[in-house]
Amino acid sequence: MSRAAERLRLLINHLDRPPADIRAETTGALSFNSSYPRRLRYSWDTDLLTPDQRLSYEENGFILIKNLVPEEDIDRFRSAFERICRQEVKVPGLMVMRDVAIAKSEFVHDQRAVSKLQDFQEDAELFRYCNLPQVLQYVECFTGPNIMAMHTMLINKPPDAGKKTSRHPMHQDLHYFPFRPADKIVCAWTAMEKVDRQNGCLVVLPGTHTGTLKEHDYPEWEGGVNKMYHGVRGYDPQHPRVHLEMEKGDTVFFHPLLIHGSGMNQTQGFRKAISCHYASADCFYIDVKGTTQENIEQEVKDITNRKYALGNDITFQDTWAFRGRLVQGERTSL
């Protein structure tokens, strides 16, 4: 038996215990039974991941797959992004976000730079990313066979204007999600060009996915913080960090409790990546009242009300149910 296989066997014996033995925090990672074959806590046995890959995700909360998305697809996503920036198309429900410190756009003269497109599920070309078979086969390793695309983003990190606003504070993605269990949610994040420490690659704190959801709020940064960029409070700044330097088409999959962020872009170009948060369709919505997520719930409801004038008729959970799209299997709950 190989060393990797032996480590996997030992870890399975340690973790493959009755669900009643797994305790859950109010805002942490909940677990529940499923007939789908499952051995380790954080991944499913689909015969795709190697023993070493499963152990790496189990221990670190992320896994990097090289050259997963072809260059042709990346270039098509970039063209779709540029058409939106030039206002050649209008996408229903799309949120166009801009850096607070940038005054000129990469594509349109004298417009504030687009730093992120959020909720592009109604754009057929960009949403193709969420349906790529090679991406979904990895997603299934973490969610099971019934898969919902819940949150879509194309990040266009701008050159920093000297105020360090191009940074993204360290955070846990679960802070934004009113659905559980966390162990059946995963993010796929694909580099659309070379990503390194100079242009602000992702920074992760390995192993933090095994904790619970922490309090988040806007960090007190002198240069200001972009809208919705909440940061985690109370994490250990001395925790070992990994800078995920990636090539075009490389894709990282990570757990929603993994603490991560990104540094500022110190180059003259824009750093692009496309991502989707997936969840098992078997997940369920929760009430975040009385939890650390109340602040993001109120902020999302305020933004939705200003955009659509719906008042109190729409809930935090409604905003997610509206965005979610089935990409594989059956829509059983979400």
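**Reasoning from values to terms in a predicted model**

Trainee: In this predicted model, what makes the pair formed by the backbone oxygen of Phe 142 and a polar atom of the side chain of Trp 44 a polar contact?

Mentor: The backbone oxygen of Phe 142 lies 3.1 Å from a polar atom of the Trp 44 side chain, and since a polar contact is a pair of N or O atoms within 3.5 Å, with one able to donate a hydrogen and the other to accept it, the pair is therefore listed under that term.

Trainee: Why is Trp 44 called buried, and where along the chain is Trp 44 placed?

Mentor: Trp 44 has a relative accessible area of 2%, and because buried means under 20%, the word applies. As for its place, Trp 44 belongs to the loop between helix H1 (3-15) and helix H2 (51-60). Trp 44 and Pro 145 are 101 residues apart in sequence, while their C-alpha atoms are 9.8 Å apart in space.

Trainee: Asp 119 and Gln 87 both have positive phi values; why is Asp 119 called buried, and why is Gln 87 called partly exposed?

Mentor: Asp 119, which sits in the loop between strand S3 (114-118) and helix H4 (124-127), has a relative accessible area of 5%, and because the limit for buried is under 20%, Asp 119 counts as buried. Gln 87, in the loop between helix H3 (71-85) and strand S2 (95-98), has a relative accessibility of 46%, and because partly exposed covers the range between the 20% and 50% limits, that term is the one that fits Gln 87. Their phi values are about 65 degrees for Asp 119 and near 60 degrees for Gln 87, and neither residue is a glycine.

Trainee: How do you know that strand S8 and strand S13 pair?

Mentor: Strand S8 (residues 202-204) and strand S13 (residues 260-262) run antiparallel and are joined by 3 bridges; because pairing requires at least two bridges, the two strands count as paired. One of the residues involved is Leu 202, whose bridge partner in S13 is Ser 262.

Trainee: What makes strand S5 and strand S11 the edge strands of their sheet?

Mentor: The sheet is open, with 4 strands in the order S5-S13-S8-S11 and antiparallel pairing. Strand S5 (168-171) and strand S11 (242-244) each pair on one side only, and they are the edge strands. Neighbouring strands of this sheet are turned by 25 degrees against each other on average, with direction ignored.

Notes
Residues numbered from 1 in each chain as written. Predicted model: local features only at pLDDT ≥ 70, side-chain atom pairs only at ≥ 80, totals over all residues. Heavy atoms only, no water. Buried < 20%, exposed > 50% of the residue type's maximum accessible area, 1.4 Å probe, protein only. Axes fitted to C-alpha atoms, helices over the stretch in contact; angles between N-to-C directions.
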